[in-house]
Amino acid sequence: MKKYDLAVACYDKAVLYDRKSYLGRRGYLRCIFQKDYKNAIIDMEMA
């Protein structure tokens, strides 16, 4: 269905509660599916 924006919004909330577990996954979603490389790199570096 390609609702990646909805998935990233869910991961944004998950990162608020458990940063260690979900930050890398959010970076992966941003990189692979949204093609948002700038924010994906930021997430990966913080993870």
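This report describes the salt bridges and a nonpolar surface patch in a predicted model.

**Salt bridges between helices**

The count of salt bridges comes to four, and three of them are listed here with the separation of their closest N and O atoms.

| Salt bridge | Closest N and O atoms |
|---|---|
| Arg30 with Asp12 | 3.7 Å |
| Asp43 with Arg26 | 2.9 Å |
| Asp43 with Arg30 | 3.1 Å |

The salt bridge between Arg30 and Asp12 links distant parts of the chain, with Arg30 in helix α2 and Asp12 in helix α1 (residues 4–17), 18 residues apart. Asp43, which forms a salt bridge with Arg26, lies in helix α3 (residues 37–46), while Arg26 belongs to helix α2, 17 residues away along the chain. The salt bridge of Asp43 with Arg30 again links helix α3 to helix α2, across 13 residues. Through shared partners, these salt bridges join Asp12, Arg26, Arg30 and Asp43 into one network.

**Burial of the network residues**

Arg30 has a relative accessible area of 14% and is therefore buried, since buried means under 20%. Asp12, at 28% relative accessibility, counts as partly exposed, because that value falls between the limits of 20% and 50%. Asp43 and Arg26 are both buried.

**A nonpolar patch on the surface**

Tyr28, Ile32, Phe33 and Met44 form a nonpolar surface patch, and together they have about 370 Å² of accessible area. Among them, Ile32 lies in helix α2, which spans residues 19–32, and Ile32 is partly exposed, with a relative accessible area of 37%.

Definitions and conventions. Residues numbered from 1 in each chain as written. Predicted model: local features only at pLDDT ≥ 70, side-chain atom pairs only at ≥ 80, totals over all residues. Heavy atoms only, no water. Patch = residues over 30% accessible without salt bridge, like charges linked within 9 Å, V, L, I, M, F, W, Y side chains within 5 Å. Areas by Shrake-Rupley, 256 points an atom, 1.4 Å probe, with all protein chains shown as cover. Salt bridge = Lys/Arg side-chain N within 4 Å of Asp/Glu carboxyl O. Helix = DSSP H or I, 4+ residues; strand = E, 2+ residues; numbered from the N terminus. Buried < 20%, exposed > 50% of the residue type's maximum accessible area, 1.4 Å probe, protein only.
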